[in-house]
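Visitor: I have a structure to look at and would like to know how its labels are earned. Could you take me through the reasoning?

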Amino acid sequence: MRRSLKTFTAALALSAATAPAAFADATAFQGLYGGFSMGLSSADINAINADIDTGFSGDVFVGYNHAIGPNWVIGGELGYGRSLGHDIPALFPASFDVENLVTVSARAGYVTGNTMIYGRLGYQSGDMAINFAPGTPELEGHVFGLGVEHMFAQNFSGRIEVTQSVWDVDGGGAPPGTELESTRVSIGVAYHF
């Protein structure tokens with residue numbers, strides 16, 4: 001019995017020593033990564049007093065994380081995406097899409113086990129493709145949000161995120177001072193190199 005217990009203890013210690021570092025601490029998230037996400041985006045334009053339908057959004061992203069201590073991660077991320085199908089029923093057939101949306105943001109997160117809770121803050125620019133006015137207004141503004149990312153394997157993670165974007169709308173017939181706000185709920189996957 002004593003020999004079996006020693007053997008079991010030794011096997012357990014060896015197993016712990018050789019377990020993947022991916023599940024040890026913040027270093028699980030350290031390094032280069034890339035992936036994609038998809039979600040739903042609600043929108044509101046201060047110059048239009050009407051409801052706007054929720055649209056489908058998607059993007060691809062690449063980023064780098066750096067672990068600072070066993071529980072904290074900081075990093076940067078670059079994304080490219082779009083949000084489609086924002087119909088305005090009261091002004092039918094008025095609709096718009098957000099295209100060529102470039103996002104540059106910083107992330108900071110707290111890691112517990114193999115899960116990171118993080119915040120995001122950054123800059124966005126894009127185009128507003130509309131069918132109810134001439135031209136293509138340009139969008140420029142900021143984004144912030146909260147998310148949870150979980151390492152499912154040594155190189156793969158999944159995320160759920162809620163972000164809020166506020167853009168100034170310029171050109172394309174948009175009245176001065178026009179703003180577009182969007183709230184996005186998304187899920188995504190990433191490969192960690």
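Guide: Happily! Strands here are DSSP runs of at least two residues marked E, numbered from the N terminus. Leu146 is found in one of them, strand E6. Please keep in mind that this is a predicted model.

Visitor: What makes Leu146 exposed rather than buried?

Guide: Exposed means over 50% relative accessible area. Leu146 has 63% relative accessibility, so Leu146 counts as exposed. As for its surroundings, the C-alpha atoms of Leu146 and Gln164 are separated by 9.3 Å, and the two residues are 18 apart along the chain.

Visitor: What is the overall layout of the protein chain?

Guide: The chain has one helix and eight strands, in the order α-β-β-β-β-β-β-β-β from the N terminus. Of its 193 residues, 38% are buried.

Visitor: Why is the pair of Phe156 and Tyr191 called edge-to-face?

Guide: Two cut-offs decide this: ring centres must lie within 6.5 Å to pair, and planes over 60 degrees apart count as edge-to-face. For Phe156 and Tyr191 the centres are 5.1 Å apart and the planes make an angle of 70°, so both conditions hold and the pair is edge-to-face. The structure holds four aromatic pairs.

Visitor: Why can one say that this pair ties together separate parts of the sequence?

Guide: Phe156 lies in strand E7 (residues 156-170) and Tyr191 in strand E8 (residues 179-192), so the pair joins parts that are 35 residues apart in sequence. Phe193 belongs to the picture too: Phe156, Tyr191 and Phe193 form one aromatic cluster.

Visitor: How do you know that Phe156 and Tyr191 are partly exposed?

Guide: Partly exposed is the range between the 20% and 50% cut-offs. Phe156 has a relative accessible area of 48% and Tyr191 has 34%, so each counts as partly exposed. Both residues also belong to a nonpolar surface patch, together with Leu32, Val62, Tyr64, Leu78, Val104 and Phe193. The patch has about 780 Å² of accessible area together.

Visitor: What makes Leu78 a candidate for that patch?

Guide: A patch residue needs over 30% relative accessible area. Leu78, in strand E3 (residues 72-87), has 43% relative accessibility, so Leu78 passes that cut-off.

Visitor: Which residues touch the most other members of the largest nonpolar core?

Guide: They are Ile45, Ile88, Phe96, Val98, Met128, Leu139 and Leu180, out of 16 residues in this core. Strands E1 (31-45), E4 (95-112), E5 (115-130) and E7 each give two or more residues to the core. The largest share, three residues, comes from E4.

Visitor: Why do Arg184 and Asp59 count as a salt bridge?

Guide: The nitrogen must be within 4 Å of a carboxyl oxygen. The closest N and O atoms of Arg184 and Asp59 are 3.7 Å apart, so the pair qualifies. Arg184 lies in strand E8 and Asp59 in strand E2 (residues 55-68), so this bridge ties together parts that are 125 residues apart in sequence. Arg184 has 14% relative accessibility and counts as buried. The count for the structure comes to seven salt bridges.

Visitor: What makes Arg107 part of a salt-bridge network?

Guide: Shared partners do. Arg107 meets Glu77 at 3.8 Å, N to O, and Glu149 with the closest N and O atoms 3.1 Å apart. Arg107 is in strand E4 and Glu149 in strand E6 (residues 138-151), 42 residues apart. Both Arg107 and Glu149 are buried. Salt bridges that share partners join Glu77, Arg107, Arg120, Glu149, Arg159 and Glu161 into one network.

Visitor: How do you know that Arg107 sits over the face of Tyr118?

Guide: One condition is that CZ of Arg is within 6 Å of the ring centre. Arg107 is at 4.4 Å from the ring centre of Tyr118, so the distance condition is met. In a second case, Arg159 lies over the face of Phe61, at 4.1 Å from the ring centre.

Visitor: Why is the phi of Asn100 worth pointing out?

Guide: Most residues other than glycine have a negative phi. Asn100 is not a glycine, yet its phi is positive, about 50°. Asn100 lies in strand E4 and, at 34% relative accessibility, counts as partly exposed.

Technical notes
Residues are numbered from 1 along each chain as its sequence is written. This is a predicted model: local features need pLDDT of at least 70, side-chain atom pairs count only at pLDDT 80 or more; totals for chains, interfaces and linings use all residues. Side-chain values use heavy atoms; hydrogens and water are left out. Rings of Phe, Tyr and Trp (its six-membered ring) pair if their centres lie within 6.5 Å; planes under 30 degrees apart count as stacked, over 60 as edge-to-face and the rest as tilted. Helices (H or I, at least four residues) and strands (E, at least two) are DSSP runs, numbered from the N terminus. Buried means under 20% relative accessible area, exposed over 50%, partly exposed in between (1.4 Å probe, protein chains only). A charge sits over a ring if NZ of Lys or CZ of Arg is within 6 Å of the ring centre and within 35 degrees of the ring normal. Patches are made of residues with over 30% relative accessible area and no salt bridge: like charges are joined within 9 Å, nonpolar side chains (Val, Leu, Ile, Met, Phe, Trp, Tyr) within 5 Å. Accessible areas come from the Shrake-Rupley method with a 1.4 Å probe; for residues, only the protein chains shown count as cover. A salt bridge is a side-chain nitrogen of Lys or Arg within 4 Å of a carboxyl oxygen of Asp or Glu. A nonpolar core is a set of buried Ala, Val, Leu, Ile, Met, Phe, Trp, Tyr and Cys residues joined through side-chain atoms within 4.5 Å.
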